[in-house]
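Me: Got a chain open here and want a quick walk through it. Can you take my questions as they come?

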Amino acid sequence: MLFQFFRLIFIVFLVSTAAVCANAQFPDASATGRDSGSKEDLPKNVKETLAKGRIDREKKDYEELVQRGEEAAKISAELSKSFTKQNKLSSEDQKKLDRLEKLAKKIRSELGGDGDDDSDDDKPSSTSAAIKMLQETTTSLVGMIKENTRYSVSVAAIETSNALLKVVRLLRFGGK
């Protein structure tokens with residue numbers, strides 16, 4: 001019985017020693033200072049393909065950003081028209097405000113912004129003034145998005161998207 005126990009320990013020792021020796025045969029990425037999956041090791045045509053794919057994704061993202069801006073402008077115009085007719089915001093208009101808020105948040109995050117400041121400057125005095133400000137701010141934001149390239153980050157556009165969000169929230173929640 002004791003012999004079988006020592007035999008088992010000896011076999012475990014041999015297997016673990018063999019595993020350590022086998023692992024030592026593989027080159028260590030930290031020893032050479034290079035990772036085996038580095039882009040530097042890729043052939044030129046693969047690097048070009050990756051670069052083209054990245055450029056295509058950036059173009060597509062920029063086009064989607066412009067489309068979101070145009071959709072926001074369209075919703076803003078619809079809200080203005082609806083308010084002019086009814087002199088109030090309907091439940092359908094509230095849904096449009098929800099969509100406009102989501103679009104503004106998405107635009108802001110794609111521009112690199114994250115939170116809006118808590119300042120209450122330029123707070124509209126009435127709903128009609130807020131609707132007018134909403135349309136002006138949306139138009140301004142779309143213009144800023146279109147005049148910039150996909151490579152630039154516009155601080156003014158981020159601030160305008162924050163202002164747009166404030167006006168939307170004012171209209172949705174009555175200034176809360």
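Me: Start with a residue. Where does Arg68 lie?
Reply: Arg68 lies in helix H3. Keep in mind that this is a predicted model.

Me: Is Arg68 buried or exposed?
Reply: Buried. Its relative accessibility is 19%, and the cut-off for buried is under 20%.

Me: What is Arg68 in contact with, leaving aside neighbours within four places in sequence?
Reply: Leu103, Lys106, Ile107 and Glu110.

Me: Those sit in H4, right where I'm looking. At what angle do the axes of H3 and H4 cross?
Reply: At roughly 150°. H3 covers residues 44-86 and H4 covers residues 91-111. Their axes come within 9 Å.

Me: Parallel or antiparallel, then?
Reply: Roughly antiparallel. Angles over 145 degrees count that way, so H3 and H4 qualify. The crossing is left-handed.

Me: Which residues make the contact?
Reply: From H3: Asp61, Leu65, Arg68, Gly69, Glu71, Ala72, Ile75, Glu78, Leu79, Ser82 and Gln86. From H4: Asp93, Lys96, Leu97, Arg99, Leu100, Leu103, Lys106, Ile107, Glu110 and Leu111.

Me: How do they divide by class?
Reply: The H3 contact with H4 has 9 nonpolar, 3 polar and 9 charged residues.

Me: What about Lys102, buried or exposed?
Reply: Exposed. Lys102 lies in H4 and has a relative accessible area of 58%. Its C-alpha is 9.5 Å from that of Ala72. Along the chain, Lys102 and Ala72 are 30 residues apart.

Me: Now the loop between H3 and H4. What is phi of Asn87?
Reply: Near 60°. That is a positive value in a residue other than glycine. Asn87 has its place in that loop.

Me: Why flag the sign?
Reply: Most residues other than glycine have a negative phi.

Me: Is Asn87 buried or exposed?
Reply: Exposed, with a relative accessible area of 59%.

Me: Switching to the other end of the chain. How do H5 and H6 cross?
Reply: At roughly 155°, with axes that come within 9 Å. H5 is residues 127-147 and H6 is residues 155-173. The two helices are therefore roughly antiparallel. H5 passes H6 in a left-handed crossing.

Me: Which residues meet there?
Reply: On the H5 side, Thr127, Ala130, Ile131, Met133, Leu134, Thr137, Thr138, Ser140, Leu141 and Met144. On the H6 side, Ala156, Ala157, Thr160, Ser161, Ala163, Leu164, Val167, Val168, Leu170 and Leu171.

Me: What is the class split for H5 with H6?
Reply: The contact has 14 nonpolar, 6 polar and no charged residues.

Me: Pick one from each helix. What does Val167 touch beyond four places in sequence?
Reply: Val167 is in contact with Ala130, Met133 and Leu134. Val167 is found in H6. Its relative accessible area is 4%, so Val167 is buried.

Me: How many residues apart are Val167 and Leu134 in sequence?
Reply: 33. In space their C-alpha atoms are 6.1 Å apart.

Me: And from H5, is Thr137 buried or exposed?
Reply: Buried, at 11% relative accessible area. Thr137 is found in H5. Leaving aside neighbours within four places, Thr137 is in contact with Thr160, Ala163 and Leu164.

Me: Back to H4. At what angle does H4 cross H6?
Reply: Roughly 160°, and the axes come within 9 Å. That makes H4 roughly antiparallel to H6. The crossing is left-handed.

Me: Which residues make that contact?
Reply: Among them are Leu97, Leu100, Ala104 and Arg108 of H4. On H6, they include Ile158, Leu165, Val168 and Arg172. By class, the H4 contact with H6 has 10 nonpolar, 3 polar and 6 charged residues.

Me: Zoom out. How many helices and strands are in the chain?
Reply: 6 helices and 0 strands.

Me: What share of the chain is buried?
Reply: Buried residues make up 26% of the 176 residues.

Me: And how much area does the chain expose?
Reply: About 12300 Å². Carbon and sulfur atoms supply 56% of it.

Me: Last one. Of contacts between residues at least 6 apart in sequence, what share joins residues at least 24 apart?
Reply: 73%.

Methods
Residues numbered from 1 in each chain as written. Predicted model: local features only at pLDDT ≥ 70, side-chain atom pairs only at ≥ 80, totals over all residues. Heavy atoms only, no water. Axes fitted to C-alpha atoms, helices over the stretch in contact; angles between N-to-C directions. Helix = DSSP H or I, 4+ residues; strand = E, 2+ residues; numbered from the N terminus. Parallel < 35°, antiparallel > 145°, perpendicular 65-115°, else oblique. Left-handed = near helix turned anticlockwise from the far one by under 90°. Contact = heavy atoms within 4.5 Å. Nonpolar A, V, L, I, M, F, W, Y, C, P; charged D, E, K, R; others polar. Buried < 20%, exposed > 50% of the residue type's maximum accessible area, 1.4 Å probe, protein only. Areas by Shrake-Rupley, 256 points an atom, 1.4 Å probe, with all protein chains shown as cover.
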